[in-house]
Amino acid sequence: MTYARTEPTDQEPDIRARPPLVREFLLVAGLFLAYKFGRRAANGHVEEAFRNAGNVWDLERALHLPGEGAVQGLLLHSQPLIHAANTYYATVHFPATALFLVWLYWRRPRHYVWSRRVLAALTAASLVLHLLFPLAPPRMLPAAGMVDTGQVYGPTVYGQTPATDTMANQFAAMPSLHVGWAVMVAVGLIAATRSRWRWLWLLHPALTLLVVVGTANHYWLDAIVVAALLAVALAAFRLPLSARAVPTRLPRPGAWGSGEGIPVPAYAGGAAEAAAFAPGAPEPAPGATVVPPRPAETAAGAGSPARTRAGAVR
């Protein structure tokens, strides 16, 4: 006997594990609004944000991390490329995460609940860090010498005056939720599917990292910190055992093809048929029909040669 894994991609959604749609919509929308208003509340700490930015920049140099300007330099070689990077930064972050949650809710309800909890914990921890550690992005830091690609090449989601931007808090660079959410999308889809191509989902966080650094919206440390927070959230909210693949015992593949090793119940005449077709067994008379013995015959006189012959050839 061998073990064959029952994969999530081959399973129908467990409707019982799917939470009520209206409740989930209100919950996710409420969490999103709380995060947006929380970021706005952290706005305005201009001097502290620039002081922290200088400290982060110095720490990265002390750690010998590659300069963010090297990535931006590659993008600036082509105006369509830098425009595509700005578009990716502005348009992919929220829709990709929303589609991820919708697909999980419909197709993998247990994975959805797990992913929603992890994303909520990650977002809450990030909001706390935004409040405690305001940080100006590298596009604002003179020491970085980087270009604000959104303002120069477009499109951008931020106002020209960060201190008075009423739409977003531009001093909430630490940590990068662009990277954190992208990593969780990849992790969630890899856990919920079993396609041999599922590891390609890692291209989403990899591309997101290059975009947020190349457009000078985040430092390397912003991505490192959010990865650490996500690791803690994943450790705290483990995927339920019921959502994981369960080994199922199946016969050997060779057994089905060869006809060997397949048990035949006695009431189906397995013993008599095996004896009738075994090597060296006498050939039945022309026109005779080979049928299995009836249960009564097998039980009453299994040791009787006359009954055995009568059961084998009639």
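In which helix is Tyr35 found? In this predicted model, Tyr35 belongs to helix α1, which covers residues 21-41, and the views below begin with this residue before turning to other parts of the structure.

**View 1. Tyr35 of helix α1 and the residues that it touches.** Tyr35 has a relative accessibility of 6%, and because buried means under 20% relative accessible area, this tyrosine counts as buried. When residues up to four places away in sequence are not counted, Tyr35 touches Thr123, Leu127, His130 and Leu177. One of these partners, Thr123, is 88 residues apart from Tyr35 in sequence, yet the two are 7.3 Å apart in space when the distance is taken from C-alpha to C-alpha.

**View 2. The crossing of helix α4 and helix α9.** Two packed helices are described by the angle between their axes and by the distance between those axes. Here the axes of α4, residues 79-91, and α9, residues 203-214, come within 9 Å and cross at roughly 115°. Angles from 65 to 115 degrees count as roughly perpendicular, and α4 and α9 are therefore described as roughly perpendicular to each other. The crossing in which α4 passes α9 is left-handed.

**View 3. The residues where α4 and α9 meet.** From α4, the residues Ala85, Tyr88 and Tyr89 take part in the contact, and from α9 they are met by His204, Leu207, Thr208, Val211 and Val212. Sorted by kind, the residues of this contact divide into six nonpolar and two polar, with no charged residue among them.

**View 4. The aromatic pair of Tyr89 and Tyr158.** The count of aromatic pairs in the model comes to four. One of them joins Tyr89 and Tyr158, whose rings are tilted, with 6.3 Å from centre to centre and 55° between the planes. Tyr89 lies in helix α4, whereas Tyr158 lies in the loop between α7 (149-153) and α8 (177-192), so the pair ties together parts that are 69 residues apart in sequence. Both Tyr89 and Tyr158 are buried.

**View 5. The aromatic pair of Tyr105 and Tyr112.** In this pair the rings are arranged edge-to-face, with 5.3 Å from centre to centre and 85° between the planes. Tyr105 has a relative accessible area of 10% and is buried, and Tyr112, at 3% relative accessibility, counts as buried too.

Conventions: Residues numbered from 1 in each chain as written. Predicted model: local features only at pLDDT ≥ 70, side-chain atom pairs only at ≥ 80, totals over all residues. Heavy atoms only, no water. Axes fitted to C-alpha atoms, helices over the stretch in contact; angles between N-to-C directions. Helix = DSSP H or I, 4+ residues; strand = E, 2+ residues; numbered from the N terminus. Parallel < 35°, antiparallel > 145°, perpendicular 65-115°, else oblique. Left-handed = near helix turned anticlockwise from the far one by under 90°. Contact = heavy atoms within 4.5 Å. Nonpolar A, V, L, I, M, F, W, Y, C, P; charged D, E, K, R; others polar. Buried < 20%, exposed > 50% of the residue type's maximum accessible area, 1.4 Å probe, protein only. Phe/Tyr/Trp six-rings, centres within 6.5 Å; stacked < 30°, edge-to-face > 60°.
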